[in-house]
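Subject: Structure handover

Hello,

The structure I promised is below, with the sequence alongside. My notes on what was found follow directly after it.

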Amino acid sequence: MNGPNLNLQGRRDKSVYGAETFEEFIPRLRAEYPDVTIGYAQSNIEGELIDALHKAEGEYDGVLFNAGGYTHTSVALRDAIDAVSVPVVEIHISNVAAREEFRHTSLIGATCVGTIAGFGLGSYRLGVESFIKR
């Protein structure tokens with residue numbers, strides 16, 4: 001599940017996020033893990049992300065969540081993660097700890113089972129592996 005501006009992956013700030021789009025990456029990820037059901041959702045709207053987290057309960061064994069800029073600002077998303085029993089892994093394409101100071105604080109991280117950051121789109125692959133090994 002991806003938050004704001006991640007619909008622009010592959011077109012936005014390629015030096016930080018890379019050139020591959022999610023339309024290219026997700027099918028390859030699904031092919032790499034044929035025994036795992038991998039859904040995909042993206043929204044620029046906070047409330048839609050909250051609804052998607054609520055709907056994941058009972059439908060998925062885990063959620064990989066790149067909340068984008070909402071990572072650093074959204075108490076509502078933090079509360080939604082805390083309210084569901086489905087485990088959530090916080091995902092970041094870039095190494096947020098090596099970026100601007102405001103990106104160093106995650107409001108959602110404490111409610112997630114873990115955080116993976118800095119491995120490009122490979123962060124999602126590592127997230128899938130984390131659920132397989134759980």
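Glu46 lies in helix α3, in a model that is predicted. Its relative accessible area is 27%, which means that Glu46 counts as partly exposed, since buried would require under 20% and exposed over 50%. Beyond its neighbours within four places in sequence, Glu46 is in contact with Tyr70, Ser74, Ala76 and Leu77. Glu46 and Pro4 are 42 residues apart along the chain, while their C-alpha atoms are separated by 8.2 Å.

The core

Leu77, one of the contacts of Glu46, also belongs to the largest nonpolar core, which has 17 residues. The members that touch the most others are Leu53, Val63, Phe65, Leu77, Ile81, Val88 and Ile108. Three elements give two or more residues to this core: α3 (46-56), β1 (63-65) and α4 (75-83). Helix α3 supplies the largest share, with 4 residues.

Which residues does Phe65 contact, leaving aside its neighbours within four places in sequence? The list is Met1, Leu49, Leu53, Leu77, Ile81, Val88, Val89, Glu90, Ile91 and Ile108. A second core, separate from this one, has 16 residues, among them Tyr33, Ile38, Ile116 and Tyr124.

The chain as a whole

There are 5 helices and 3 strands in the chain, and along the sequence they follow the pattern α-α-α-β-α-β-β-α. The radius of gyration is 14 Å; a compact globule of 134 residues would have a value near 14 Å, so the two agree. Taken along the principal axes, the C-alpha atoms fill a box of roughly 35 × 35 × 25 Å.

Of the 134 residues, 42% are buried. The exposed surface of the chain comes to about 7,000 Å², with 51% of it supplied by carbon and sulfur atoms. Counting contacts with a separation of 6 or more, 76% are between residues 24 or more positions apart. On the charged side chains, 12 are positive and 18 are negative, and the centres of the two sets lie 5 Å apart.

The segment before α1

Three residues in this segment have entries in my notes. Asn5 is placed before α1 (14-17) and has a phi near 75 degrees, a positive value in a residue other than glycine. Asn5 counts as partly exposed because its relative accessibility is 36%.

Asp13 is found in the segment before α1 too. Although Asp13 is not a glycine, its phi is positive, at about 40 degrees. With a relative accessible area of 40%, Asp13 is partly exposed.

Asn7 is likewise in the segment before α1, and its relative accessible area of 31% makes it partly exposed. Not counting neighbours within four places in sequence, Asn7 is in contact with Gln42 and Asn44. Asn7 and Ala41 are 34 residues apart in sequence, and their C-alpha atoms are 9.9 Å apart in space.

Two loop positions

Gly39 is in the loop between α2 (22-32) and α3. Its relative accessible area is 32%, so Gly39 is partly exposed. Leaving out residues up to four places away in sequence, Gly39 touches Arg30 and Tyr60.

Thr111 sits in the loop between β2 (88-92) and β3 (114-117). Is Thr111 buried or partly exposed? At 17% relative accessibility Thr111 counts as buried, because the limit for that class is under 20%. Beyond its neighbours within four places in sequence, Thr111 is in contact with Arg78, Ile81 and Asp82. One of these, Ile81, is also in contact with Phe65 and is among the residues that touch the most other members of the largest core.

Two distances involving Thr111 complete the notes. The C-alpha atoms of Gly39 and Thr111 are separated by 21 Å, with their positions 72 residues apart along the chain. Thr111 and Ile45 are 66 residues apart in sequence and 20 Å apart in space, C-alpha to C-alpha.

Regards

Terms used:
Residues numbered from 1 in each chain as written. Predicted model: local features only at pLDDT ≥ 70, side-chain atom pairs only at ≥ 80, totals over all residues. Heavy atoms only, no water. Core = buried A, V, L, I, M, F, W, Y, C linked by side-chain atoms within 4.5 Å. Buried < 20%, exposed > 50% of the residue type's maximum accessible area, 1.4 Å probe, protein only. Contact = heavy atoms within 4.5 Å. Rg over C-alpha atoms; globule rule 2.2 N^0.38 Å. Areas by Shrake-Rupley, 256 points an atom, 1.4 Å probe, with all protein chains shown as cover. Lys, Arg positive; Asp, Glu negative; His and termini not counted. Charge placed at Lys NZ, Arg CZ, Asp CG, Glu CD.
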